[in-house]
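The following exercises concern the model shown below. Each consists of a task and a solution worked step by step.

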Amino acid sequence: MTSGQRRRCFGLLRSAGDVWACVLEVNAWRRRRQDAPLTGYQELCRELSGSGPGTFGELDSVGARSVLRRFSDAWFAAAKARRDGDVSVRFPRRRRALMPVRWHHGTFTLDGRRGRVPTARGTSSLWIRLAREVPYPVEQVRSVTLLCEGGRLFLDVTAEVPVATYPPGEGPDPGRVAGVDLGIIHPYAVAGPDGKGLLVSGRAIRAEHRMHLIDTKHRRRAVARRVPKPGERGSRRWRKYRRRARLVEGRHKRRVRQAQHEAACAVVSWAVEQRVGVLKVGNPRGILDMDAGRRHNLRLRQWQIGRLRQILTDKAVQAGITVDPVNERGTSSTCPACLRRVPKPRGRTLSCPHCRFTGHRDLVAAAIIATRTPGGGPTTPTAPAVVPEVVTHRRAGRHLPGAGQSRRDPRRPCMVARGSVGPRRPAPPQDGESLANPARIHNRASETR
């Protein structure tokens with residue numbers, strides 16, 4: 001977009017941040033006077049109408065009300081969590097410089113690769129150019145959201161997508177149930193009926209997280225001497241570094257988000273092929289409350305359990321598949337054959353010392369999850385679970401650097417650099433010809449002749 005369009009878009013986001021800060025300030029005054037806070041959406045809208053036109057620059061009333069709706073939803077969600085016993089949840093009291101602005105159907109215009117977002121009365125229309133056309137028909141678009149991520153402007157589109165239809169006898173069968181186990185190495189491990197399963201590898205996502213953390217540490221260590229002192233204003237060089245850091249952070253988030261969508265698409269496509277009508281997804285949020293050390297706590301925060309479940313639910317509902325969350329406690333430490341408790345393995349293979357059963361740990365957990373009842377029920381299976389015998393393997397994040405050729409990230413040092421006994425074996429080519437050096441056959445008899 002042009003510099004003028006970019007300036008006006010950032011002006012709308014800053015005005016939305018002013019609305020957010022105004023609500024926080026008003027509630028702070030009421031809290032000091034020991035009055036009830038303004039948290040309801042209608043109360044906040046009445047307070048906004050009393051401020052008068054032109055108070056928040058070019059931001060119109062619809063965009064300002066979207067900020068108020070976001071504040072009201074955040075406040076009531078925090079209140080509900082605290083009533084349920086989670087006292088660590090905080091109410092929204094942090095100011096933000098830029099806030100997303102949302103406009104509902106009928107207030108905006110989409111025309112190919114151009115879009116018009118509403119502005120305040122008395123200001124000129126704001127037409128923005130899109131990087132690509134909206135992938136949905138205009139009549140299905142319900143709202144658009146203007147937001148900034150990593151220094152880049154985005155127009156997030158929400159559309160009404162119809163549920164997929166199938167010919168008779170080919171659609172998902174509600175009687176066919178599959179269990180889904182969420183993880184870090186394998187984002188989704190699925191155990192379906194007929195002894196079939198699916199494993200989606202997330203090693204490329206884990207490598208992206210690791211490499212991004214290493215690169216961030218190197219950049220911070222390189223500019224540590226140029227950090228401005230507390231109270232000092234940063235230089236132009238420091239501002240350029242901060243801008244570059246935001247761009248890299250935004251690119252990393254987009255890469256991981258795309259890989260998560262690829263993993264969920266693989267699960268839903270496999271479920272449609274197997275005619276699975278119900279996906280029982282384990283809820284591993286209980287492990288987030290355990291302090292496992294500084295390093296492992298970071299891995300758990302980068303796991304993004306809620307986003308994985310939400311992405312899978314959205315795509316499954318669109319395909320006509322029901323998603324039921326179940327309790328997954330003890331699924332990775334229970335033998336599916338003899339139903340006894342076994343030590344939780346450190347690797348991917350679960351071995352039972354009682355009945356000598358051996359199987360993939362994540363597939364065993366998914367098979368036991370498929371036997372659980374949504375909303376509670378016993379945590380120990382009453383009948384042996386069927387572990388998949390035919391497993392389909394898929395990889396998530398093929399667009400990540402180096403994920404297309406091998407499992408290892410090319411930025412990681414090779415085995416020779418880390419003291420290995422020999423060079424790393426090259427990946428097999430597509431045509432089947434070996435990349436190894438040709439063997440030399442020393443035939444001294446032929447040489448003498």
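**Exercise 1.** Determine whether Trp238 and Tyr241 are buried or exposed, and where they lie.

*Solution.* Step 1: in this predicted model, both Trp238 and Tyr241 are buried. Step 2: the two residues belong to helix α5, residues 236-273. Step 3: three residues separate them along the sequence, about one turn of the helix.

**Exercise 2.** State how many aromatic pairs are counted, and classify the pair of Trp20 and Phe71, followed by that of Trp238 and Tyr241.

*Solution.* Step 1: the count comes to four aromatic pairs. Step 2: the ring centres of Trp20 and Phe71 are 5.5 Å apart and their planes stand at 80 degrees, so this pair is edge-to-face; the relevant cut-off is an angle over 60 degrees. Step 3: Trp20 is part of helix α1 (residues 3-32) and Phe71 of helix α3 (residues 61-83), so the pair ties together parts that are 51 residues apart in sequence. Step 4: both Trp20 and Phe71 are buried. Step 5: for Trp238 and Tyr241 the centres are 5.2 Å apart and the planes at 40 degrees, so that pair is tilted.

Two further aromatic arrangements complete the exercise. Trp75, Phe76 and Phe91 form one aromatic cluster. Arg69 lies over the face of Tyr41, at 4.0 Å from the ring centre.

**Exercise 3.** Give the strand order of the open sheet of three strands, identify its edge strands, and describe how α1 is placed against β3 and β4.

*Solution.* Step 1: the order is β2-β3-β4, and the pairing is antiparallel. Step 2: β2 (109-111) and β4 (126-129) each pair on one side only, and they are the edge strands. Step 3: from one strand to the next, the twist averages 20 degrees. Step 4: strand β3 (residues 114-117) is joined to β4 by four bridges, and Arg116 stands opposite Trp127 in β4. Step 5: α1 lies across β3 and β4, running at about 115 degrees to β4.

Helix α1 can then be described further. Its 30 residues reach 43 Å from the first C-alpha to the last, close to the 44 Å expected at 1.5 Å a residue. Gln34, which follows α1, has a positive phi near 60 degrees.

**Exercise 4.** Trace the bridges that join β1 to β5 and β5 to β6.

*Solution.* Step 1: strand β1 (residues 101-104) and strand β5 (residues 141-149) run antiparallel and are joined by four bridges. Arg102 stands opposite Thr145 in β5. Step 2: eight bridges join β5 to strand β6 (residues 152-159), again with antiparallel directions. Val144 has Val157 in β6 as its bridge partner. Step 3: two residues lie between the strands in the hairpin of β5 and β6, where Gly150 takes a positive phi near 65 degrees.

**Exercise 5.** Characterise the surroundings of Gly179.

*Solution.* Step 1: Gly179 is placed in strand β7 (residues 173-182). Step 2: its relative accessible area is 0%, so Gly179 is buried, the cut-off being under 20%. Step 3: leaving aside residues up to four places away in sequence, Gly179 touches Ala189, Val190, Ala191, Lys280, Ala366, Ile369 and Ala370. Step 4: the C-alpha atoms of Gly179 and Val278 are separated by 8.5 Å, although these residues are 99 residues apart along the chain. Step 5: helix α8 (residues 361-369) has nine of its nine residues buried, among them Ala366 and Ile369.

**Exercise 6.** Which accessibility class applies to Asp194, and which to Gln304?

*Solution.* Step 1: Asp194 has a positive phi near 65 degrees and lies in the loop between β8 (188-191) and β9 (196-201). Its relative accessibility is 59%, so Asp194 counts as exposed. Step 2: Gln304 has a positive phi near 60 degrees and is found in the loop between α6 (294-303) and α7 (305-318). With a relative accessible area of 26%, Gln304 is partly exposed.

**Exercise 7.** Summarise the protein as a whole by its helices and strands, its buried share and its contacts.

*Solution.* Step 1: there are nine helices and 14 strands. Step 2: of the 449 residues, 36% are buried. Step 3: among contacts between residues at least 6 apart in sequence, 63% join residues at least 24 apart.

Note on methods:
Residues are numbered from 1 along each chain as its sequence is written. This is a predicted model: local features need pLDDT of at least 70, side-chain atom pairs count only at pLDDT 80 or more; totals for chains, interfaces and linings use all residues. Side-chain values use heavy atoms; hydrogens and water are left out. Rings of Phe, Tyr and Trp (its six-membered ring) pair if their centres lie within 6.5 Å; planes under 30 degrees apart count as stacked, over 60 as edge-to-face and the rest as tilted. Buried means under 20% relative accessible area, exposed over 50%, partly exposed in between (1.4 Å probe, protein chains only). A charge sits over a ring if NZ of Lys or CZ of Arg is within 6 Å of the ring centre and within 35 degrees of the ring normal. Two strands pair if DSSP finds at least two bridges between them. Axes are lines fitted to C-alpha atoms, for helices over the stretch in contact, and angles run from 0 to 180 degrees between N-to-C directions. Contact means heavy atoms within 4.5 Å. The expected span of a helix is 1.5 Å times one less than its number of residues.
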